[in-house]
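Q: Please take a close look at the largest nonpolar core of this structure. Which residues have the most contacts inside it, and which elements supply it?

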Amino acid sequence: RGPFSTHNGPFFHKATEDGFAQGFRVLPRHCNSRGIVHGGMLMTFADGLLATAVWRATGKVGLTVRMNSDFLSIARPGEWVEGTAEVTRAGRSLVFAEARVNAGTRLVLTASGVFKVMERHKA
């Protein structure tokens, strides 16, 4: 993972036959002044889910063009937050994906995104 994700994580990844899931344990540093997970943290997490779905479906890096999020519930310190995503449509250069993020049985956030796919840049 890149330095931004490393700094804001840790995020955990699990691949399954049907897809994948990613998760994180909510730490106090992930929270806002109200003691709930900061919306920016949830959006960062969802962006990673969407990009992972794009990578798994295309084998290419996806750069976020647009992302929409709906905040449906909250998550608190100590809770396990987990999500997954799937590609809903893939063209030659643009890929569309949707994600769901849960804290336990509560749906916390849904997100959709459009990604520009790129070949991996060689350093």
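A: In this predicted model, the largest nonpolar core has 28 residues, and those with the most contacts inside it are Leu50 and Val81. At least two residues of this core come from each of β2, α2 (39-58), β4, β5 and β6 (106-118). Helix α2 gives the largest share, eight residues. As background, nonpolar side chains in soluble globular proteins tend to be buried together.

Val81 can be followed through its contacts. Leaving aside neighbours within four places in sequence, Val81 is in contact with Gln22, Gly23, Phe24 and Val26, with Leu42 and Phe45, with Ala75, and with Val101, Asn102 and Ala103. Two residues among these contacts, Phe24 and Phe45, also take part in aromatic pairing.

A search of the whole structure finds four aromatic pairs. One of them joins Phe11 and Phe24 in an edge-to-face arrangement, with 5.8 Å from centre to centre and 85° between the planes. Phe11 sits in the loop between α1 (3-8) and β1 (12-15), while Phe24 belongs to strand β2; the pair links distant parts of the chain, 13 residues apart. Phe11 is buried because its relative accessible area is 16%, and buried means under 20%. Phe24 also counts as buried, since its relative accessibility is 0%.

Phe24 has a second partner, Phe45. The rings of Phe24 and Phe45 are again edge-to-face, at 5.0 Å centre to centre and 70° between the planes. Phe24 lies in strand β2 and Phe45 in helix α2, so this pair ties together parts that are 21 residues apart in sequence. Phe45 is at 2% relative accessibility and therefore counts as buried. Phe11, Phe24 and Phe45 together form one aromatic cluster.

Phe24 leads on to His30. His30 is placed in the loop between β2 and α2, and it counts as buried because its relative accessibility is 3%. Beyond its neighbours within four places in sequence, His30 is in contact with Phe24 and Arg25, with Asn8 and Gly9, and with Ile36, Val37, His38 and Met41.

Another buried residue is Ser69, in strand β3 (residues 61-71). Its relative accessibility is 19%, so Ser69 counts as buried, the limit being under 20%. With neighbours within four places in sequence left aside, Ser69 is in contact with Met43, Leu109, Thr110 and Ala111.

Strands β2, β4 and β5, which each supply at least two residues of the core, also appear in the second largest pocket. About 180 Å³ of space lies in this pocket. Its lining consists of Thr16, Asp18, Gly19, Phe20, Ala21, Thr84, Ala85, Glu86, Glu98, Ala99 and Arg100. The elements that give two or more residues to this lining are β2 (20-25), β4 (80-90) and β5 (94-103). By type, the lining residues divide into four nonpolar, three polar and four charged.

Notes
Residues are numbered from 1 along each chain as its sequence is written. This is a predicted model: local features need pLDDT of at least 70, side-chain atom pairs count only at pLDDT 80 or more; totals for chains, interfaces and linings use all residues. Side-chain values use heavy atoms; hydrogens and water are left out. On a 1 Å grid over the protein atoms alone, a cavity is a set of points where a 1.4 Å probe fits but cannot get out, and a pocket is an open set with protein on both sides within 12 Å along at least five of seven lines; lining residues have an atom within 4 Å of a point. Grid points are joined across faces, edges and corners, and a volume is the space filled by probe spheres set on the points. Helices (H or I, at least four residues) and strands (E, at least two) are DSSP runs, numbered from the N terminus. Ala, Val, Leu, Ile, Met, Phe, Trp, Tyr, Cys and Pro count as nonpolar, Asp, Glu, Lys and Arg as charged, and the others, Gly among them, as polar. A nonpolar core is a set of buried Ala, Val, Leu, Ile, Met, Phe, Trp, Tyr and Cys residues joined through side-chain atoms within 4.5 Å. Buried means under 20% relative accessible area, exposed over 50%, partly exposed in between (1.4 Å probe, protein chains only). Contact means heavy atoms within 4.5 Å. Rings of Phe, Tyr and Trp (its six-membered ring) pair if their centres lie within 6.5 Å; planes under 30 degrees apart count as stacked, over 60 as edge-to-face and the rest as tilted.
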